[in-house]
Structure formats: C-alpha cells, structure tokens
Amino acid sequence: MGTLTTKRAARRGGTPPGPAASPHQPSWRAQLHRDWPLLLMNLPMLLLVLGFWWIPALGNLIAFQDYNPYTGGITGSPIIGFTNFALLFQDPQFLRAIVNTLSITAFQLVFYFPVPIMLALLLNSLASARLRAFVQGVVYMPFFFSWVLVVAIFQQMFGGAGLLAQILRENGREAVDWMTNSDTFILLITSQTIWKDAGWGAIIFLAALSTIDPNLYEAAAVDGARKWRRMWHITLPGLRPVIVLLLILRLGDALNVGFEQFMLQRSAVGSEASEVFDTFVYWSGLRTGDLGYGAAAGLFKGLVGLLLIVAANRVAHAFGERGVYSRS
Amino acid sequence: MTVLAFRRRPRKPSGLAPWEERPSPVGQLGKGTLVVLIVVAVLGPLYTIVLTSLSTSATVNRVGGLVLVPDGITFEAYQQIFSDTVVSRAVLVSTGVTVVGTLISAGVSVLGAYSLSRPGSFLHRPLLFSVLLMFVFFPGIIPVYLMVSGLGLKDTYWSLILPTAVSAFNVVVLRSFFMSIPGEILDSARIDGASEFRILWRIVLPMSKAVTAVVAMFYAVGYWNSWFNAMLYIDDTRKWPLALILRQYVVDSNPLPSATAGVTGDAPPTLAIKMAIVVIAVVPALIIYPFVQRHFTKGVLIGAVKG
C-alpha cells in the first residue's frame with residue numbers, strides 16, 4: 001500500500017512525491033509496467049505538443065541562419081550568428097512595433113483593466129438576481145465572437161459607411177471614418193477590447209466578490225458605515241488580491257496585445273499605428289520571405305516574454321499570490 | 001495547481017438585506033441608465049445587423065445603410081447566399097473543421113489531462129512540464145509555419161486543426177477537475193480490476209460532464225472563430241472557412257473569387273448580404289451559448305487562473 005498512500009497524499013495536496021518522500025520507489029521498469037496505460041493516454045497529446053510546439057521551438061535555429069528554404073533548408077543554410085538580431089535593432093519598423101506594443105499595453109492598463117472591475121461591482125450591486133443573470137448573459141456574449149466578427153461589427157457602426165456616419169450625415173454633420181483613422185486607432189482597439197472581453201473579464205472579480213463574508217457588510221452597516229464606505233473598506237480590500245494578481249499577470253504578458261485584431265485592421269489604418277510584435281514577425285518573415293529575420297523577431301519576443309512572465313511570477317509570489325505557476 | 005474547478009457557490013439572493021439602506025432615487029436612476037446603456041451597447045449592433053440582413057434591398061436603399069426600424073421582413077439575402085456555392089461551401093468547411101477539430105481536441109485533452117492527473121506516475125513531471133511550459137514560451141509563428149508546410153499540411157483542412165489542437169489552458173482545467181475527484185473512488189475501481197481506460201470512461205468522465213462540456217465548447221468556439229490559421233495555411237479559395245469569407249467580403253468589401261457568376265461574382269456585395277453573412281457567423285455561437293452558459297460557474301475560471 002506504500003505507493004498508494006503516497007499517491008493519495010499527493011492528490012490531497014500534501015507532500016509532493018519525490019525521491020525523499022518515498023524511499024522505496026519501484027524501479028522504472030516496474031513503474032512502466034504499472035503506468036503504461038497512462039503513457040498511452042498521454043501519447044496523442046504529447047505528439048501534438050512536440051510536433052507543433054516544442055520541435056518548432058527548436059526550429060528557431062533559423063533565427064541564427066541566413067535561412068533559405070530552397071537551397072539550404074535548416075540543415076544547409078549558413079550560420080550567421082546574431083546578425084539578424086543586430087539588423088532588427090536598426091530596423092525602424094521593428095522599433096516602431098516595440099513602441100506601439102508597449103504603448104498599447106500601457107494604455108489598456110489604464111483604460112481597459114479597471115472596466116471589468118467596475119462592471120463586476122455594478123453587477124454585484126444589482127438587487128434583482130434575475131436582472132443580474134440577464135445582464136451577465138448579455139455582457140459575456142461578445143467574448144464568443146471572433147475578431148473578424150467584432151471588426152466587421154465595429155466597421156458597420158463606426159466606419160465611413162457605418163451607422164454613426166449615417167446618422168451624422170442625416171443631421172447634416174460631417175462623418176468621420178473611425179476605422180481608418182490612425183490617430184485614434186488606440187482608442188478604437190481599446191473600445192473593441194472592452195466590447196468583446198470586459199464582460200467575460202468581470203467573471204473573476206464576481207467570483208472574488210462572492211467570497212467576501214456578507215457578515216462584514218452587516219457589521220459595518222450596524223456600525224454606521226454607509227454604502228460607499230463599505231465599498232471602500234470591505235469590497236475593495238476583498239478584491240485586492242485578485243486585482244494585484246491579474247495586474248501582475250498582465251504585466252508579464254505585456255508583449256501580447258492581441259494579434260488577429262491588428263492583422264485585420266492593418267490595411268485600413270496603415271502599419272505606422274498598427275504594427276505590433278506579432279504583425280511585424282508575420283510581415284517581415286512570411287510576407288517578405290526573409291524567414292530567418294522574422295524568426296529572429298519572433299524568438300526575441302518569445303524570450304523577452306518568458307523573462308517577463310518569470311519576473312511577474314516572482315513578484316506574484318512575493319505578494320503571497322500563486323501566479324500562473326507555483327513552486328509546489 | 002489548485003483544485004478549485006467547478007465548485008458552485010450559492011448565488012447572491014435577490015432583494016435587500018434588512019440592514020441595507022433604501023436606495024436613493026437618483027442612484028437607482030443612474031444605475032438603471034448605466035445598465036440599459038451596457039445592454040444596448042452589446043445588443044444594439046446585433047439587432048440592427050440581424051434586421052438589415054432581413055430587409056429588402058428597397059428598404060436598405062431608402063435608409064441608406066443599416067436598418068433600425070423594421071419595414072417588411074424578407075429572407076432574400078439568405079436565399080441569394082445559399083444559392084451560390086461560395087458561402088455555402090465555407091459554412092460546410094467551417095462546420096466540418098469545428099466538429100472534427102472539437103472531437104479531436106476534446107478527446108486528446110481528456111486523455112492527456114487524465115494521464116497527468118496522477119502525481120508520482122512514470123514520467124509524470126516531464127510530461128506535465130511539456131504542457132505547462134506552453135504557458136510561458138511560444139515558439140513563434142514562423143517555425144510553426146515551417147513545420148506545418150514541412151509536414152505537407154498546407155492547403156489541407158488538417159492545418160486548421162492540428163497546430164492548435166491542444167490548449168494548455170483547457171488541459172489544466174480538466175486536470176484540476178480530475179484531480180478533485182476523491183481518490184478512494186478510483187482506487188476501489190482499480191482494486192476491482194478496472195483498467196485505466198475503463199475508469200476514465202465509466203467513472204471519471206460521467207462525473208466530469210459539465211467541465212468536459214465547457215472545454216469542448218471552448219474548443220468549438222475557437223475552431224469556428226479561427227481566422228489566422230486559415231489565412232496562413234489555406235491558399236485554395238475553395239477550402240476557405242467562413243472567417244476568411246467574412247474578412248474578404250464583409251470587412252474589405254472585395255468580391256469573392258467565385259467560379260459561378262452570382263451574388264458573389266463581380267458585383268459589389270449588397271449590405272443585406274454582408275449582414276446576412278455576419279449573422280451566419282454569429283448564429284452557432286448564439287445557439288451553443290445558452291446551453292453551456294449555466295456551466296460557467298465561477299469556479300472554472302478560478303481553478304484555471306490559479307492552475
């Protein structure tokens with residue numbers, strides 16, 4: 001029964017099984033004999049994950065090559081070291097992609113991040129459970145629409161031939177095409193993100209709100225604390241851990257601002273406003289055919305992203321939160 | 001990995017607690033207006049799009065754009081769309097990819113998640129890390145593209161399924177749930193001589209219907225909505241899924257490369273037809289949504305985020 005109890009203890013979240021936890025671990029042959037059905041079940045997933053994730057990760061070798069798919073391929077193309085990376089940092093378009101990505105992240109931290117929190121507070125304050133369920137059902141919905149659809153819908157609303165322009169023209173005003181205006185692009189994508197994702201994003205805060213002990217509110221009310229004071233002294237402190245966690249995770253994810261959203265609108269607003277990391281990789285690599293160069297940009301993003309996530313998790317752990325991964 | 005998945009919390013009840021102060025009329029009015037605005041912001045665009053797709057071309061021309069007030073309902077646009085092969089074919093492609101892809105993804109993820117739900121089993125840690133590390137490192141578009149074309153999958157429907165078949169997020173959600181099933185149940189089945197496959201099929205899956213349904217739905221929505229894979233890998237316009245048609249025809253207003261001269265021939269797309277295509281793209285999500293919405297318990301996401 002030795003292994004069984006260990007396993008059970010591990011499942012209960014007790015001591016992690018390791019060489020120290022179970023000194024009488026069976027030989028690998030015995031383990032294989034015992035666990036081969038599990039390995040078999042894992043196999044399809046392993047093949048897909050290796051084939052479309054980890055083997056391609058090794059394929060990033062081409063970032064260090066003067067890669068030519070026709071004459072050399074990955075085995076025959078000459079190695080040129082860090083030349084591609086050096087070229088990247090002289091490429092104004094790449095620098096623009098960095099600046100755009102980081103400004104969009106910063107902008108959305110200020111103008112998108114608080115929206116799901118406020119929405120959750122609003123939903124939570126609705127007295128009627130029915131109305132709450134209805135509004136929740138409505139605001140979650142756009143999360144399930146594709147970006148193509150969201151862009152199409154926004155175009156019909158705010159484009160040159162859209163509903164807003166139509167109404168303005170009917171009233172004798174001049175119509176503006178918000179879909180092609182590169183100066184206001186950051187506002188456009190942020191409103192699209194709010195429309196699509198804010199409702200869904202509120203779920204996690206609603207969950208956190210439901211864990212706050214209602215007796216706290218009652219006690220505070222008895223002590224004479226009015227609504228806003230209760231929100232300030234009970235609700236917000238109750239949400240603090242989730243807010244801190246999500247904020248840190250967002251910072252760790254700073255290089256990801258969405259991809260399809262930008263690819264889809266790039267031709268309308270031009271690359272100056274809409275170039276972000278991922279679109280740069282696509283256009284510099286696959287469109288112009290310089291695959292090694294594009295892969296270098298992609299690898300740079302992947303590695304910096306990795307560092308940011310690790311750093312963000314360190315910070316999360318320092319705050320006593322779990323982060324995307326924990327050390328257990 | 002926290003095991004919080006799918007614990008249903010009691011809903012906050014309706015009405016005010018006895019100690020709560022009566023809401024002020026001004027506050028009520030403000031809150032009400034805000035709620036109405038939010039609901040209109042989501043449903044308003046959908047309303048006018050559906051209405052326009054159902055309007056006659058005369059109505060659309062008279063209004064000069066999207067229709068806000070109904071004036072005669074017609075299915076003209078839908079008839080035109082489905083009389084032509086381009087959009088019908090794209091709907092078929094999208095449906096096929098969604099069905100096959102969801103079956104593959106859900107099957108592979110359930111098997112994989114179950115195989116990773118037993119700490120201490122052979123090779124458990126490296127196999128688990130091969131999935132968890134997907135959260136922290138993405139290999140990049142170009143190496144994946146080269147892999148897909150190297151395997152000869154370009155211009156096949158497999159290129160729309162296999163590269164994104166496994167989502168680490170979904171696997172972790174399933175795994176957390178499987179791990180929350182009391183070990184005694186599984187142990188007793190094992191003592192009775194049940195194989196792992198039997199345990200998964202007969203005990204674990206029936207206990208995990210809700211979480212499996214949600215994961216399958218996430219996959220299905222992902223496949224139906226996926227645009228980038230198709231743009232990357234499918235050059236043959238006859239194999240285009242709906243998302244590409246939507247982009248080409250509705251967003252960019254380009255005529256479709258149609259073999260048959262019809263609605264989607266050289267003529268510029270009419271607004272009603274454009275909106276009908278939008279509706280066709282939305283409808284599956286709207287149909288599945290209410291069925292699975294009741295499973296969106298708060299626990300799923302907590303388990304996943306903390307996982």
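1. In this predicted model, the contact between the two chains draws on 85 residues from chain B and 85 residues from chain A. On the side of chain B that touches chain A, helix H1 of chain B, which covers residues 25-53, gives the most, with 10 residues. When that side of chain B is sorted by class, 58 residues are nonpolar, 16 are polar and 11 are charged.

2. Turning to the make-up of chain B, one finds 15 helices and 0 strands. Of the 307 residues in chain B, 44% are buried. Looking at the contacts in chain B with a separation of 6 or more, 75% are accounted for by residues that stand 24 or more positions apart along the chain.

3. The domain assignment of chain B gives two entries, with domain 1 running over 29-74 and domain 2 over 85-300. The C-alpha centres of domain 1 of chain B and domain 2 of chain B lie 32 Å apart, and 7 residues of domain 1 of chain B are in contact with 7 residues of domain 2 of chain B.

4. Which elements supply the side of domain 1 of chain B that touches domain 2 of chain B? Those that give two or more residues are H1 of chain B and helix H2 (57-63) of chain B, and the largest share, 4 residues, comes from H1(B). By class, this side of domain 1 of chain B has 3 nonpolar and 4 polar residues, with no charged residues. A reader may wish to note that H1 of chain B appears in two places, since it gives the most to the side of chain B that touches chain A and also the largest share to the side of domain 1 of chain B that touches domain 2 of chain B.

5. In chain A, helix H6 (residues 114-125) allows a check of its length: with 12 residues at 1.5 Å a residue, helix H6 of chain A should span 16 Å, and because its end C-alpha atoms are 17 Å apart, the two values agree. The expected span is 1.5 Å times one less than the number of residues, which is the step that this check needs.

6. Where do the buried residues of H6(A) lie, seen down the axis of the helix? The residues that are buried in H6(A) are Pro116(A), Ile117(A), Leu119(A), Ala120(A) and Leu123(A). Seen down the axis of H6(A), these buried residues fall within an arc of 165 degrees, and therefore they line one face of the helix. The buried residues of H6(A) pack against helix H7 (129-140), helix H10 (185-210) and helix H12 (227-252) of chain A.

Notes. Residues are numbered from 1 along each chain as its sequence is written. Chains are lettered from A and ligands numbered from 1 in the order in which they are written. This is a predicted model: local features need pLDDT of at least 70, side-chain atom pairs count only at pLDDT 80 or more; totals for chains, interfaces and linings use all residues. Ala, Val, Leu, Ile, Met, Phe, Trp, Tyr, Cys and Pro count as nonpolar, Asp, Glu, Lys and Arg as charged, and the others, Gly among them, as polar. A residue is buried if 20 or more other C-beta atoms lie within 10 Å of its own, exposed if 12 or fewer, and partly exposed in between; C-beta atoms are placed from the backbone. Domain bounds come from an automatic or database domain assignment. The arc is that of the directions from the helix axis to the C-beta atoms.
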